[in-house]
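Me: I have a protein model open on my screen and would like to learn how to read it. Could you go through it with me, one feature at a time?

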Amino acid sequence: MSKTIGFLGLGHMGGPMAANLVKAGYDVHAFDPAPAAQQQASADGITVVDTGVAAATDRDIVLTMLTNGKLVRDVYAELLPAATPGTLFIDCSTIDVADAKVAAAAAHTAGHRAVDAPVSGGVAGAVAGTLTFMVGGNEADVAEARPVLEVMGAKVVHCGGSGVGQAAKICNNMLLGISMIGLSEALVLGEKLGLSHQAFFDVVSTASGQSWALTSYCPVPGPVPTSPANNDYQPGFATALMNKDLGLAASALRSNGVDGQLGLLAAEIYDRFNQDAAGRDFSAIVTDIRDRSEEKGAQ
């Protein structure tokens with residue numbers, strides 16, 4: 001591929017995404033402060049550099065996969081002056097809509113182009129190159145970003161202007177969090193009523209209660225062998241990340257005057273669960289519901 005790519009953030013998601021770009025023939029120069037991430041990236045054929053500025057200098061496209069909006073803003077402040085004028089910045093982090101708009105505006109002011117392109121699909125999707133990208137930005141910039149995104153994902157949706165990709169991600173993950181809680185409550189109720197997990201799955205997966213949370217990410221071992229429940233709830237999509245995303249959703253609900261009672265309650269539930277289970281997959285919420293139910297039954 002003729003375009004060179006800078007990549008910042010080689011964690012559980014970013015590392016496989018960058019590796020897929022290398023497999024597709026892109027020249028990828030990347031930075032991550034974690035030694036383990038650096039080692040894995042080198043093994044995957046990624047050129048690892050010493051700083052974020054080095055990753056972004058003289059590149060056609062710069063991708064970021066970072067943990068929060070403040071970090072994105074700070075990194076952009078460092079990278080924008082060093083990048084070649086007209087560089088296309090693609091931020092795949094999940095951050096607040098306002099932060100996404102600030103980052104894009106800073107890029108434009110510095111003479112660059114920018115799109116926000118958060119992802120859905122988890123670590124498995126990042127490894128397989130089957131992510132869904134929700135993209136915000138103008139038509140020309142999204143068109144240039146699309147071939148790169150299509151290497152890392154199976155679906156690229158242009159949702160609107162700057163920040164609207166983040167809006168789609170926040171809404172999606174709020175619904176996912178609500179769905180996983182509801183599914184987990186139904187599973188625990190089924191247990192109490194003598195319904196096996198497999199029978200529950202066989203009925204609900206083809207009935208009106210069907211959901212992606214059940215058919216692709218079932219939170220109990222057995223029915224979906226590839227779900228984290230079959231690997232002691234190793235993420236996957238960590239509870240800490242769901243907690244962050246639901247916090248963003250709760251903030252958006254409040255600031256926009258939406259009567260989102262379930263979204264706010266889901267944020268409270270995952271905030272509590274995250275205090276003890278940040279490193280577990282978010283589907284492990286079923287174990288918390290089961291434990292709390294046992295406590296109530298013992299009273």
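Me: Into which domains is the protein chain divided?
Reply: Happy to help! Keep in mind that this is a predicted model. The chain has two parts to look for: domain 1, covering 4-160, and domain 2, covering 167-298.

Me: What does UniProt list for residues 4-160?
Reply: An unreviewed UniProt entry gives these residues as "domain: 6-phosphogluconate dehydrogenase NADP-binding". Over 4-160 the chain is 44% helix and 25% strand, and the C-alpha atoms at the two ends are 26 Å apart.

Me: And which UniProt annotation covers residues 163-286?
Reply: That stretch carries the annotation "domain: 3-hydroxyisobutyrate dehydrogenase-like NAD-binding", also from an unreviewed entry. Its make-up is 62% helix and 0% strand, with 33 Å between the end C-alpha atoms.

Me: How do I read the way domain 1 and domain 2 meet? How many residues are in contact?
Reply: Start with the centres, then go to the contacts. The C-alpha centres of domain 1 and domain 2 are 29 Å apart. Eleven residues of domain 1 touch nine residues of domain 2. Between them the two domains bury about 850 Å², and 63% of that is on carbon and sulfur atoms.

Me: Which residues in domain 1 lose the most area to domain 2?
Reply: Look for Thr-94, Asp-96 and Met-134, which together make up 45% of what the domain 1 side buries.

Me: Now for empty space. How is it found?
Reply: A probe the size of a water molecule is rolled over the atoms, and this shows where empty space is left. Here, let us take the second largest pocket, which holds about 220 Å³ of space.

Me: Which residues lie nearest the centre of the second largest pocket?
Reply: Of its 14 lining residues, Ile-170, Cys-171, Ala-252, Leu-253 and Asn-256 are nearest the centre. The elements giving two or more residues to this lining are helix H5 (97-109), helix H8 (164-192) and helix H11 (239-255). H11 gives the most, with five residues. Sorted by class, the lining has eleven nonpolar, two polar and one charged residues.

Me: Why does the second largest pocket lie between the domains?
Reply: Domain 1 and domain 2 both give residues to its lining, so the pocket lies between them.

Me: What about closed spaces? How many cavities of 30 Å³ or more are there?
Reply: The count is one cavity of 30 Å³ or more. The largest cavity has a volume of about 50 Å³. Its lining is made of Tyr-76, Asp-91, Ile-95, Ala-100, Ala-103, Ala-104, Ala-114, Val-115 and Asp-116. H5 and strand E6 (113-116) are the elements that give two or more residues to it. By class, seven of the lining residues are nonpolar, none polar and two charged.

Me: Let us turn to the backbone. Which residues does a cis peptide bond join?
Reply: To spot one, check the omega angle. Pro-235 and Gly-236 are joined by a cis peptide bond, with omega at about 15°. You will find Gly-236 in the loop between helix H10 (212-215) and H11.

Me: Phi is another backbone angle. Which residue has a positive phi although it is not a glycine?
Reply: That is Asp-58, where phi is about 60°. Asp-58 sits in the loop between helix H3 (52-56) and strand E4 (61-64).

Technical notes
Residues are numbered from 1 along each chain as its sequence is written. This is a predicted model: local features need pLDDT of at least 70, side-chain atom pairs count only at pLDDT 80 or more; totals for chains, interfaces and linings use all residues. Side-chain values use heavy atoms; hydrogens and water are left out. On a 1 Å grid over the protein atoms alone, a cavity is a set of points where a 1.4 Å probe fits but cannot get out, and a pocket is an open set with protein on both sides within 12 Å along at least five of seven lines; lining residues have an atom within 4 Å of a point. Grid points are joined across faces, edges and corners, and a volume is the space filled by probe spheres set on the points. Ala, Val, Leu, Ile, Met, Phe, Trp, Tyr, Cys and Pro count as nonpolar, Asp, Glu, Lys and Arg as charged, and the others, Gly among them, as polar. Domain bounds come from an automatic or database domain assignment. UniProt positions are given in the numbering used here, feature names are shortened, and annotations may be inferred rather than shown by experiment. Contact means heavy atoms within 4.5 Å. Buried area is the accessible area (1.4 Å probe) that two parts lose on being put together, summed over both.
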